[in-house]
Amino acid sequence: MKKIKIGSVGLGRLGYEHACNIANLVPGAELTSLCDVDAVRVKEVAAELNVPYTYTDVTEMVKNPELDAIVIVSPSMYHADHIKLALDAGKHVFCDKPLDTTIEKCKQAERAVEAHPDKVFMLGFMRRFDDSYAEAKHRIENGEIGKVVLVRSYTQDPRTTIEGTLKFAPHSGGQFLDMCVHDIDLIRWFTGSDIKKVWGLGGVFEFDLYRELNDADNAAAAVQCENGAMGFMFTNRTHGAGCNVETEIIGTHGTLRIANVGRKNLLQIVDGNGAREEYYPDFLSRWHQAYVNEIKEFVDCINQGRKPGVTVYDGTKVSQAAYRCKESFETGNLLEVAD
Ligand SMILES: NC(=O)c1ccc[n+]([C@@H]2O[C@H](COP(=O)([O-])OP(=O)(O)OC[C@H]3O[C@@H](n4cnc5c(N)ncnc54)[C@H](O)[C@@H]3O)[C@@H](O)[C@H]2O)c1
């Protein structure tokens, strides 16, 4: 089968991970172009990964006639623009989450995708491609826990990565849009329902920058879905031991837990401090295989002429709920998520 030629835009924390994965771990793909506004960075990564074409402007990269697809890992506020540029140039598109940082831009992305029904568009909600989360979804669809009543999801970033996180914070869209989007996606996916009402909470417990940004370093939200199911999410940037993401799904006939997934492996270390397990140090190591799996799925969709399960509309719905959580956190009001 023909290899899908991919150009990747954005070579920061996650962009570099995707570039390495495409170059080395996705057999059906070939990384032939890289783009970043940082000219030094793009040359450096191209040399390391043996990539022939480099660009500092995505408008130029999408003109490359050899490219089949573009992977977008630029800052969130450029996503909708980059999606449109790539689709209009006739390329398939994978875009990392969130869809964009405003609902207007999300709608712009929807229109761009609708204008190119022959192209594959996929959004990077990678947790769906983690083996444990995929198995939980499969068991729910099999009816093994009955009706889903509650989804509880925690996303905790370690304090050791706070330097990069603080740099990223001003253009991230805020905790609800940047971090909680993953939990909101899981709540919608596991309950099979859109979110109807939200109550956002949070505070600044340590990093004053978040106060300046009208944001929180520790945030939570309780939500209710259209079908009555409930959700609770908690996120923070100050976790003491690595990247911790845990999720519990309570159904009428059983419970599924993807708990303590911060644990790096099954090794227990016993020494003078007692017995302990090591955590994944950061989100990149925790989700490495899921990042590989989602790009494999994108490439398979292109080769097989299939549409991915994660759509542009999921991106808008998740962002709408995330924005309402942010507004609720700011006002203290319980809010409906209207279209
Ligand atoms: N799915 C996940 O788990 C996950 C994790 C981290 C980040 N992300 C998403 O990935 C995206 C990138 O995040 P990051 O943490 O890698 O950010 P980052 O700030 O580390 O890197 C962004 C990179 O994009 C480059 N850039 C900036 N403007 C550009 C432009 N106009 N054209 C091309 N390149 C440009 C920068 O020079 C930088 O190298 C964000 O949308 C973020 O939400 C997703």
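Q: What makes a residue of the shell around the ligand nonpolar, polar or charged, and how do the residues divide?
A: Ala, Val, Leu, Ile, Met, Phe, Trp, Tyr, Cys and Pro count as nonpolar, Asp, Glu, Lys and Arg as charged, and the others, Gly among them, as polar. In this predicted model, the shell around the ligand accordingly holds twelve nonpolar, nine polar and five charged residues.

Q: What makes a residue part of the surroundings of the ligand, and how many residues surround the ligand?
A: A residue is near the ligand if one of its heavy atoms lies within 4 Å of it. The ligand is surrounded by 26 residues, and the closest are R13, D36, S76, D96 and Y291.

Q: Which helices each supply at least two residues of the shell around the ligand, and which gives the most?
A: Helices α1 (13-24) and α4 (79-88) each supply at least two residues of the shell. With three residues, α1 gives the most.

Q: Why is the approach of S76 to the ligand called a polar contact?
A: A polar contact requires a pair of N or O atoms within 3.5 Å. A polar side-chain atom of S76 lies 2.8 Å from an oxygen atom of the ligand, and therefore the pair qualifies. D96 also qualifies, because one of its polar side-chain atoms lies 2.8 Å from a nitrogen atom of the ligand. For Y291, an N or O atom in the side chain is 2.7 Å from an oxygen atom of the ligand, so this pair meets the cut-off as well. Of the 860 Å² of accessible area that the ligand has on its own, the protein covers 85%.

Q: How do you know that the ligand sits in a pocket?
A: A molecule sits in a pocket if more than half of its atoms lie within 2 Å of the grid points of that pocket. The space that the ligand takes is the largest pocket.

Q: What makes T311 a cap of α13?
A: A side-chain oxygen of T311 lies 3.2 Å from the backbone nitrogen of Y313, at the N-terminal end of α13. This distance is within 3.5 Å, so the pair satisfies the distance cut-off for a polar contact.

Q: How does the reach of α13 compare with the span expected at 1.5 Å a residue, and what follows the helix?
A: Helix α13 (residues 312-331) has 20 residues and reaches 29 Å from its first C-alpha to its last, close to the expected 28 Å. G332 follows α13 and has a positive phi, near 80°.

Q: Why do N50 and the bond from K97 to P98 deserve mention?
A: Most residues other than glycine have a negative phi, and most peptide bonds are trans. N50, in the loop between α2 (39-49) and β3 (53-55), is not a glycine but has a positive phi of about 65°. The peptide bond from K97 to P98 is cis, with omega near -10°, and P98 is placed in the loop between β5 (92-96) and α5 (103-114).

Key
Residues numbered from 1 in each chain as written. Predicted model: local features only at pLDDT ≥ 70, side-chain atom pairs only at ≥ 80, totals over all residues. Heavy atoms only, no water. Helix = DSSP H or I, 4+ residues; strand = E, 2+ residues; numbered from the N terminus. Expected span 1.5 Å × (residues − 1). Polar contact = N/O pair within 3.5 Å; in protein donor to acceptor, adjacent residues only side chain to side chain. Areas by Shrake-Rupley, 256 points an atom, 1.4 Å probe, with all protein chains shown as cover. 1 Å grid on protein atoms, 1.4 Å probe; cavity = no way out; pocket = protein on both sides within 12 Å on 5 of 7 lines; lining within 4 Å.
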